[in-house]
Structure formats: C-alpha cells, structure tokens
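Subject: Structure handover

Dear colleague,

Here is the structure I promised to pass on. My notes on it follow below.

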Amino acid sequence: MTFDIERWLSTIFSDAIKYKASDIHIVPEDKNVHIKFRVNGKFVKYRTIEIGILETLVGKLKIMSNLKMEESRLPQDGSFTMILDGKEICVRASTMPTLFGEKVVMRILNPESESISLESIGLNPLQIRKVKEYAKRKNGLILVVWPTGSGKSTTILSILKEFNPDEFSISTLEDPIEYRVKWIAHSQINHGIGFNFSVGLRSILRQDPDIIMVGEIRDVETAKFSMEAGITWHLVLSTLHANSGANSIQRLISLGTEPNMIISGLKLIISQQLIRKLCPHCKRKYVPDANVRKKIESVLRESIPPGREVTLYEENELGCIECNYLWFKGRIGIFEVFELTREMKMLILSKQSENTLDDQAERDGIVSLRQDGIMKALQWAISLKELESSIGDV
Ligand SMILES: [Zn+2]
C-alpha cells in the first residue's frame, strides 16, 4: 500500500484543530520523528513516525508553503491556507536544518477570530469599561504587555473590533501577522530589507491612518514615534515585554524614552497572562485550609467573614474525554488595566521606582494581576496551583 501523504497530513491538521493546538512541531531524531502539538502553551505528544518518512513529509509541506524544495541547509519560512471541515485555516511554516534532518514548526493562525471580543478574553466589566473609554478617545498609545507566551494579539484584535471599519482607517505593522482580518490593512515587517517597526510607522503616518497597531516596541525610536503619533490624534496600539504597568514604565525609561513623552503619549497599559482553564466537565471541588484562606485575604486585602465557606477547584487527575484527558480546556486571561492618573504622572516625571508606582496603582484602585487571578480562582475558572505556576506564589 502506498503512503498517502495528503490524507495523513489532513488528519494531523484536523487533530491539531480538535485539540485547539497553536503549533505543530515536527522534530527529527536519529531513528524517529516526533510530532508534537502545543496546546494551551504546553506540549502534547501526538505521534512518533519512522525517520524514512521525513523527507516526503517535509517535501510536501515545502510545496504547500511555497518554499524552495532543494534548499535544506538554510532555514526557510512560508505560509499556506487550507480548507478543513469547511473552515479556512492559515498556517505559517518554518524549517530549520538540524543534525538529523529538517525540523518544521507550523503556527496555526487563529481560525476563530470572529468570536473574539473584549468580553470573551476574560476582562472584568470594570476593566472593559475602562478599555472602551480610552479606545473611544481615539488618541494616545495603549500598550498590551505580557511577560511570556502569547495572547497579546487576541487582546489587541478585541480592541480593534470595537471600531467600525467603514468609519476608520486601520493599519498594522506585524511580525508575524497572527490574525488575518479582511477590514484591516496588515503589513508584515521584513528586517532583511530594513522594513522595521520605526520605518514602517513613519510610512503609515503618511497613509492617513486613524488607528495604528505596531507589533512590538523594542527600541526608543519605535517608542518615541508611537507616542508622537498618539499625541497627534491617532490611536496607537502596541506591545512590550514587561510584567506590569509599573514595570512597563521602567522599561520605556530604560529604553531611553523621556518621562514627559511617556506622560503625554501613553494612556493605558493592559498587562496580561494566560492561564489554563480547568476542564468544566471533570474539575474537582475542595475547601482550602486556613493558610490558603489567609493568603487569599492578604492578596485581596480584605477579610473573609468567619462563617463564609471558600471553595476552589483543582484538576481531576483522571481527566475526561471532553478535555482529551488533559484536565484543562482553553485559557483565560488575567489582567491589570493601568491608568496614568495625575498622581501617577507626577511620580513618572520624577522617575520614581517601580515599587512606588505600584503603591500608587494600589491607591488608584487598580486591580493587580495577582488579585485578578485570585478572583478567577474564586470564580472557579482556574486552579490556584495553575495560577501559582504562572505568576509565582500568591
Ligand atoms: Zn475534562
């Protein structure tokens, strides 16, 4: 019987979609090739095949992704679109030569962008109101920051969806483009030819934009241009590697951004972390002990009335068919929505420490990531263990 590569690949892709995998890794070793899925940020072993099939498999993927067939000594990247069960799936593929053959990693670009909204990503009603209020002003920079993993493009897309595409010109500069939305002018950054974020931003400003999404702020030029564009009546959305609002301000200052530029251009910082959600079908209820109760009280800075029972949920070790025996199903964001109040701006101008800014955030009534996480544990969406494995001890 001949090996039907096309049928075999379509099984891999439909299983990846079923598992809600974000990436498919094809990793060659001396005798075998491991196929792994990244699901909710963690690896799941999918299949192991014989090394003999690798060449046919990589060859087929190269044809699909428009890559050079004969080139196996240099890394390449490309993309393709396929129809699976009537749905269009976009895939970015990259190859890398390794000791045992070419390794291929495929990112499945989110097929469910229609269902994304500020409400669906896990922001609480107060945070949603704040984000909408600042977005509607249509000027200034809104930053989405995160320490690890992804999810930032989902948050940015949910803000962009607040705007009617018939009324606003929306442009993006991305590396890579994660969602493809018909009414957005997506541009792919290409460092190889000098098309970087700051160059792209200068060009976009000549294209009469209302809303601009700049993939990431990595240098002072991009930070400065993003804030200047914000000051001159554009809404600019961007991301930064940082773990809180106060930490982002320190990052911007250490990149070389002037504090007075920050306080006039930057409006809001949304910090986020994605936490795996417990499978609602097999999660297990428990009553935490007095120590955990005390920890919760100290994070939330309020005392739980003595008679009130606190219940939390944890993963059931067996799992169930609904979660493919993985205990978790999907992820939810925990958020901090950091506003630059008048008092905060004064502290930024005098270059105060991150701790001082954090203390001010607390006085301003900003819910921290840790507090939002505890609230989501108390709402039974996530386990305390999973929260602590992401943000450290609470
Ligand atoms: Zn389950």
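Lys351 has a relative accessible area of 55%, so the residue counts as exposed, the cut-off being over 50%. Please keep in mind throughout that this is a predicted model. Lys351 sits in the loop between helix H10 (342-349) and H11, and its phi is near 50°, a positive value in a residue other than glycine.

**Other backbone points**

Lys138 is another non-glycine residue with a positive phi, here about 55°. Its place is the loop between helix H3 (125-136) and strand E7 (140-146). With a relative accessibility of 33%, Lys138 is partly exposed.

There is a cis peptide bond between Asp175 and Pro176, with omega about 0°. Pro176 belongs to the loop between E8 and E9.

Gly194 is in the loop between strand E9 (185-188) and helix H5 (197-204). Its relative accessible area is 38%, so Gly194 is partly exposed. From Gly194 to Ile5 the separation is 189 residues in sequence and 38 Å in space, C-alpha to C-alpha.

**Zinc site**

Which residues coordinate the zinc ion? The donors are the SG atoms of Cys279, Cys282, Cys320 and Cys323, at 2.3 to 2.4 Å. Along the sequence these donor residues follow the spacing C-x2-C-x37-C-x2-C. The angles among the four donor atoms run from 105 to 115°, and the site is tetrahedral. For comparison, the ideal angle for four tetrahedral donors is 109.5 degrees. Of the donor residues, Cys320 and Cys323 are both buried.

**Aromatic pairs and charges over rings**

Searching the whole structure gives six aromatic pairs. In one of them, Tyr313 and Trp380, the ring centres are 5.3 Å apart and the planes are at 55°, so the pair counts as tilted. This pair links distant parts of the chain, 67 residues apart: Tyr313 is in strand E14 (residues 312-314), while Trp380 is in the loop between helix H12 (369-378) and helix H13 (384-391). Tyr313 is buried at 13% relative accessible area, whereas Trp380 is partly exposed at 35%.

Trp327 and Phe328 make an edge-to-face pair, because their planes are at 65° and the cut-off is over 60; their ring centres are 6.3 Å apart. Here Phe328 is buried, with 3% relative accessibility, and Trp327 is partly exposed, with a relative accessible area of 31%.

One aromatic cluster is formed by Tyr19, Phe37 and Tyr46.

Two arginines lie over rings. The charged end of Arg38 sits over the ring of Phe43, 4.3 Å from the ring centre. Arg137 lies over the face of Tyr134, also with 4.3 Å to the ring centre.

**Helix H4 and the cavity**

Is helix H4 (residues 152-160) enclosed or open? Nine of its nine residues are buried, so H4 is largely enclosed by the rest of the structure. The buried residues include Lys152, Ser153, Thr154 and Thr155 at the start of the list, and Ile156, Leu157, Ser158, Ile159 and Leu160 after them.

H4 also borders on empty space. The count of cavities of 30 Å³ or more comes to one, and the volume of the largest cavity is about 70 Å³. Its lining consists of Ser153, Ile156, Leu157, Leu160, Thr172, Glu174, Glu178, Tyr179, Ile184, His186 and Met213. H4 and strand E8 (170-174) each supply at least two of these lining residues, and H4 gives the most, with four. In general, an α-helix has 3.6 residues a turn, so residues three or four places apart point the same way.

**Second largest pocket**

The second largest pocket holds about 530 Å³ of space. It is lined by 20 residues, and the closest to its centre are Glu336, Asp358, Ser368, Leu369 and Arg370. Helix H9 (290-300), helix H11 (354-363) and H12 each supply at least two residues of this lining. H11 has the largest share, with six residues.

Regards

Conventions. Residues numbered from 1 in each chain as written. Predicted model: local features only at pLDDT ≥ 70, side-chain atom pairs only at ≥ 80, totals over all residues. Heavy atoms only, no water. Phe/Tyr/Trp six-rings, centres within 6.5 Å; stacked < 30°, edge-to-face > 60°. Buried < 20%, exposed > 50% of the residue type's maximum accessible area, 1.4 Å probe, protein only. Lys NZ or Arg CZ within 6 Å of the ring centre and 35° of its normal. Donors = N, O, S within 2.8 Å, 3.2 Å for Na, K, Ca; no water. Tetrahedral: all angles 85-135°; square planar, octahedral: opposite > 155°, others 65-115°. 1 Å grid on protein atoms, 1.4 Å probe; cavity = no way out; pocket = protein on both sides within 12 Å on 5 of 7 lines; lining within 4 Å. Points joined across faces, edges and corners; volume = space filled by probe spheres on them.
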